[in-house]
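Biologist: Could you take me through one part of this model in detail? I'd like a close look at the second largest pocket: what lines it, and where does that lining come from?

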Amino acid sequence: KQSLAWWCKQTTDTLMMVLNATKKYSKYLKQCKKDNTWVANPPDPIRYLKNEKYMDEISTKSNNYTKGLK
């Protein structure tokens, strides 16, 4: 409920930013799993949104992977 309420109050630009960042974060998590790299569990949706975690920059050690994020 909280995530939906947050989502409904946002501008289109913010929603697009969240969707793009979430896609990148998903790729990051998949790459970490593939590389057998430990990564903390993703935050629950409302914390991800309210704490603007989608604004965080993701960095990895693999050069091949980071090229795919740009």
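Modeller: Here's a walk through that pocket, with the overall fold first for context. Keep in mind that this is a predicted model. The protein has four helices and zero strands, so to read along the sequence is to follow the pattern α-α-α-α. Of its 70 residues, 21% count as buried. If you take the contacts with a separation of 6 or more, 65% of them are between residues 24 or more positions apart. As for the outside, the accessible surface comes to about 5900 Å², and carbon and sulfur atoms hold 52% of that.

Now for the pocket itself. The second largest pocket has a volume of about 180 Å³. Going along the chain, its lining takes in Trp7, then Val18, Leu19, Thr22 and Tyr25, and after those Pro42, Pro43, Pro45, Tyr48 and Leu49. Two helices, H2 (12–34) and H3 (45–50), each supply at least two of these lining residues. H2 gives the largest share, with four residues. Going by the numbering, Val18, Leu19, Thr22 and Tyr25 are the ones that fall in H2, while Pro45, Tyr48 and Leu49 sit within the range of H3.

What about the chemistry of the lining? It divides into nine nonpolar residues, one polar and no charged. Thr22 is the polar one, because Trp, Val, Leu, Tyr and Pro all count as nonpolar. So the picture is a pocket of about 180 Å³ with a lining that has no charged residues and draws its largest share from H2.

Technical notes:
Residues are numbered from 1 along each chain as its sequence is written. This is a predicted model: local features need pLDDT of at least 70, side-chain atom pairs count only at pLDDT 80 or more; totals for chains, interfaces and linings use all residues. Side-chain values use heavy atoms; hydrogens and water are left out. On a 1 Å grid over the protein atoms alone, a cavity is a set of points where a 1.4 Å probe fits but cannot get out, and a pocket is an open set with protein on both sides within 12 Å along at least five of seven lines; lining residues have an atom within 4 Å of a point. Grid points are joined across faces, edges and corners, and a volume is the space filled by probe spheres set on the points. Buried means under 20% relative accessible area, exposed over 50%, partly exposed in between (1.4 Å probe, protein chains only). Contact means heavy atoms within 4.5 Å. Accessible areas come from the Shrake-Rupley method with a 1.4 Å probe; for residues, only the protein chains shown count as cover.
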